[in-house]
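Hi,

Here is the structure I promised to send over. Have a look at it first, and my notes follow underneath.

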Amino acid sequence: MKYYHVDVFSNKRFSGNGLTIFKIEKNFDKIMMQTITQEMKQFESIFYYKLKENTFRAYIFTVEEELDFAGHPIIGLSAIFHDLYSSEKEKDIWQIELNEKSIIVETSKKENYYSAKMNQGIPEFKKILSKDQEVEFLKYLNLELNDKFKDLPFQVISTGLPYLIIPVKSNALEKSKIVISDLEIHLNRIGAKFIFILDVERKQGRTWDNLGLVEDVATGSSAGPVGAYLVDNKLEKVDTEIVIEQGHFLGRPSQIKIFVTSKNNKIDDVFVEGDVCKIGAGEIYI
């Protein structure tokens, strides 16, 4: 089975967030998808087959589970589509069908890399935490109340995956870490899947798997909620480029571009854009 290796959210090789991409046949076994993902040891892998011209079905896995949505696999996959099926064009548009939503991605061919911009849709603004809950979640992350950035809310926002956004001061990001083993249970209670710690001033962030064992280099699924959060709290404006940095604590600096649009004075769609570099290709024996 053919596979491709790319780095996402960077225009330089061996930085950004690594991704393995597998071309499969329809009805390929999901247990095998999970096993292959664990073998490759990337934060996420993505599997796809073609439905029709420029339209594909895809499945996303972490080493632990299947996800209904994730950002950096969609960005990386779309760049490979451009390279494989549309290399003579400067731009093209792709439709990717996931378990619960359909994603439209526009790709652009650059000199030594690709850029891909996906529409994550209209953000869902969910639960705002109480003051007691803020203290509780800060404790789970090795933080205290004075690490919070001003009076900004802790809020769950989703553009496919619900993230709890936690705004902190710049000096809090370095000491942040998950210090409990049951964070997922606490997140489930507030309707969140993962947590994202946001340094508001430097527009930099961190997130992990819910056991705190693996830090993500660059997280496209959190970028949409973060962009919506910044605009909703009047920290950024609509229809402007917002740049979020991630991966610095892992030696894999990454940049994620976000565009929040408006309609009738309300937040409309959220677009997330990133660069993609090809690293290699190979074959896995099944």
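Let me start with Asn265, which is exposed at a relative accessible area of 82% (exposed means over 50%, buried under 20%, and partly exposed in between, with a 1.4 Å probe and protein chains only). Before the rest, some ground rules: this is a predicted model, where local features need pLDDT of at least 70, side-chain atom pairs count only at pLDDT 80 or more, and totals for chains, interfaces and linings use all residues. Residues are numbered from 1 along each chain as its sequence is written, and side-chain values use heavy atoms, with hydrogens and water left out.

Back to Asn265: this residue sits in the loop between β15 and β16 (helices, H or I with at least four residues, and strands, E with at least two, are DSSP runs numbered from the N terminus). Its phi is positive, about 65°, although Asn265 is not a glycine. That caught my eye because most residues other than glycine have a negative phi. Asn264, in the same turn, has a positive phi of about 55°, and the two strands here form a hairpin with two residues between them.

The strands around that turn are worth a look too. β15 (residues 254–263) pairs with β16 (residues 266–283) in the antiparallel sense, over six bridges (two strands pair if DSSP finds at least two bridges between them). Lys257 stands opposite Glu273 in β16. On the other side of the pairing list, β14 (residues 241–246) also runs antiparallel to β15, and six bridges join them. One of the matched pairs there is Gln246 with Ser254.

Asn142 is another one with a positive phi, near 65°. You'll find Asn142 in the loop between α3 and β10 (155–158), where it is partly exposed at 36% relative accessible area.

Now the salt bridges. How many does the structure hold? The count is 13, taking a salt bridge as a side-chain nitrogen of Lys or Arg within 4 Å of a carboxyl oxygen of Asp or Glu. Here are three of them:

- Lys30 and Glu66 meet at 3.1 Å, N to O. Lys30 is in helix α1 (residues 30–40) and Glu66 in strand β5 (residues 66–67), so this pair ties together parts that are 36 residues apart in sequence. Lys30 is partly exposed at 35%, and Glu66 is partly exposed at 26%.
- Lys50 and Glu53 meet at 3.9 Å, N to O. Lys50 is partly exposed at 42%, while Glu53 is exposed at 63%.
- Lys131 and Glu134 have their closest N and O atoms 4.0 Å apart. Both lie in helix α3 (residues 131–140), three residues apart, about one turn of the helix.

That last pair is part of something wider: Lys131, Glu134 and Lys148 are linked in a network of salt bridges. Is Glu134 buried or exposed? Glu134 is buried, with a relative accessible area of 2%, whereas Lys131 is exposed at 54%.

Next, the loop between β13 and α5, which holds Asn210. Asn210 is buried, at 4% relative accessible area. Leaving aside neighbours within four places in sequence, Asn210 is in contact (heavy atoms within 4.5 Å) with Ile178, Leu183, Glu184, Leu187, Lys193 and Phe194.

Val214 is found in that loop as well, between β13 (204–206) and α5 (220–232), but Val214 is partly exposed at 40%. Together with Leu211 and Leu213, Val214 forms a nonpolar surface patch with about 290 Å² of accessible area. Patches are made of residues with over 30% relative accessible area and no salt bridge, joining like charges within 9 Å and nonpolar side chains (Val, Leu, Ile, Met, Phe, Trp, Tyr) within 5 Å; the areas come from the Shrake-Rupley method with a 1.4 Å probe, and for residues only the protein chains shown count as cover.

Finally, the inside. The largest nonpolar core has 55 residues, and Ile21, Ile74 and Leu198 touch the most other members. A second, separate core of 22 residues includes Leu141, Leu164, Ala172 and Ile197. A core here is a set of buried Ala, Val, Leu, Ile, Met, Phe, Trp, Tyr and Cys residues joined through side-chain atoms within 4.5 Å.

Cheers
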